[in-house]
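This report describes a predicted model. It takes up the nonpolar cores, then a sheet, and then some backbone details.

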Amino acid sequence: MAGVDKFGVIFTIAFVAAMIAIMGGFLQVDTTPSTPNAYTPTQTYSSTPIATQPSGSPQAAPQTSDSDNMKYTIRGGIVNSISQDEKHNAVKIMMESKFDGQLIITLTSDSVTPFDDGTYFVTIDGEEVEFTQVGNNLTIDFMANSKKIMIYGDGYKSDGPDTSSMDHSDDSKEQEAMMAADKAAADKAAAAAKAPMAVTIEPVAGSGAPGCEPKCYSPSIATISAGGTVTFKNTDTAPHTATSGSAADGPDGIFDTSLIMINASYPVTLSDSGNYPYFCMVHPWMDGTVIVE
Ligand SMILES: [Cu+2]
């Protein structure tokens, strides 16, 4: 009996020691700090199995973490920290690499919000890089000696240096990268922002008497997409027309609302892109332009 108890005590001590060792290993692998921008410059991995291999060796087993909400696998390097940069709607990955390698990371919607088309913008040490994206999985190839991967999403702010974080050595590159990301975002927004299909144009109040020019219609320049409709709505106290052409050259015959009485409306649909000047037959000082894109 005594022998069994003794064995039980030894087993328990060994089990607890093993659990402590395992927990220590997990803490090393969990590299996401709980606060944004808080990163530890270089962790030593001396107590983990990963560090017993030359860090960055291509032969080394890929370093993988799924212990937090951002899963990743890295080959050819090691990740020192992953943190969310909420100010810039970005994820910052600090890493070490002695060889060319690859990072595969799964982003979550609360880690960084993608652009409207679901994509991201990635820089390595301040330079924009190409990457492969399948769903929320980004595969990013990096060169030897890469230190920082930034994954930017939509809506970050590039308003001055981010003094709340980091290594100031590459602040200017960081700024350049953010400006580039800014431009990419603007381009995407511009591509997404097509002219509206419908715009309402009203004569300005009192336009029945001279003095409102050059903006007697509001908006005096209206832009719609091809196939869209401008609706002339008379909110003034006098009847007006919107007649394509000009007071100087007369109607060009493309459209004519004829007299629109008070509170009445007249829609004009335009299929072909171009600029369509128009004027009021009753009050020749009134003119405007419809731009069809
Ligand atoms: Cu008029």
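## Nonpolar cores

In this predicted model, the largest nonpolar core holds 30 residues, and the members that touch the most others within it are I93, L103, V122, I149 and I151. Two or more residues each come to this core from the strands β2 (72-85), β3 (90-106), β4 (121-124), β7 (137-142) and β8 (148-152), and from the helix α2 (171-192). The strand β3 gives the most to this core, with seven residues.

The surroundings of I151 can be listed in more detail: leaving aside residues up to four places away in sequence, I151 touches A90, V91, L107, V112, Y120, V122 and L138. Apart from this core lies another one, made of 19 residues, which include C216, A242, Y276 and C280.

## An open, mixed sheet

Five strands make up an open sheet with mixed pairing, and their order across the sheet is β11-β17-β16-β13-β14. The strands β11 and β14 are the edges of this sheet, since each of them pairs on one side only. From one strand to the next, the twist averages 40°.

Within this order, β13 (residues 243-246) and β16 (residues 274-279) pair in the antiparallel sense, and two bridges link them. In this pairing, T243 stands opposite F279 of β16.

## Cis peptide bonds

The peptide bond that joins E213 and P214 is cis, with an omega of about 10°, and P214 belongs to the loop between β9 (198-203) and β10 (217-218). The bond from S218 to P219 is also cis, with omega near -5°; here P219 lies in the loop between β10 and β11 (221-224).

## Positive phi outside glycine

Although N145 is not a glycine, its phi is positive, at about 75°, and the residue is placed in the loop between β7 and β8. N145 counts as partly exposed because 13 C-beta neighbours lie inside 10 Å, a number above the limit of 12 or fewer for an exposed residue and below the 20 or more required for a buried one.

A positive phi, near 55°, is also found at S258, again a residue other than glycine, in the loop between β14 (250-256) and β15 (265-270). With 10 other C-beta atoms within 10 Å, S258 is exposed, because the cut-off for that class is 12 or fewer.

Key
Residues are numbered from 1 along each chain as its sequence is written. This is a predicted model: local features need pLDDT of at least 70, side-chain atom pairs count only at pLDDT 80 or more; totals for chains, interfaces and linings use all residues. A nonpolar core is a set of buried Ala, Val, Leu, Ile, Met, Phe, Trp, Tyr and Cys residues joined through C-beta atoms within 7 Å. Helices (H or I, at least four residues) and strands (E, at least two) are DSSP runs, numbered from the N terminus. Two residues are in contact if their C-beta atoms, placed from the backbone, lie within 7 Å. Two strands pair if DSSP finds at least two bridges between them. Axes are lines fitted to C-alpha atoms, for helices over the stretch in contact, and angles run from 0 to 180 degrees between N-to-C directions.
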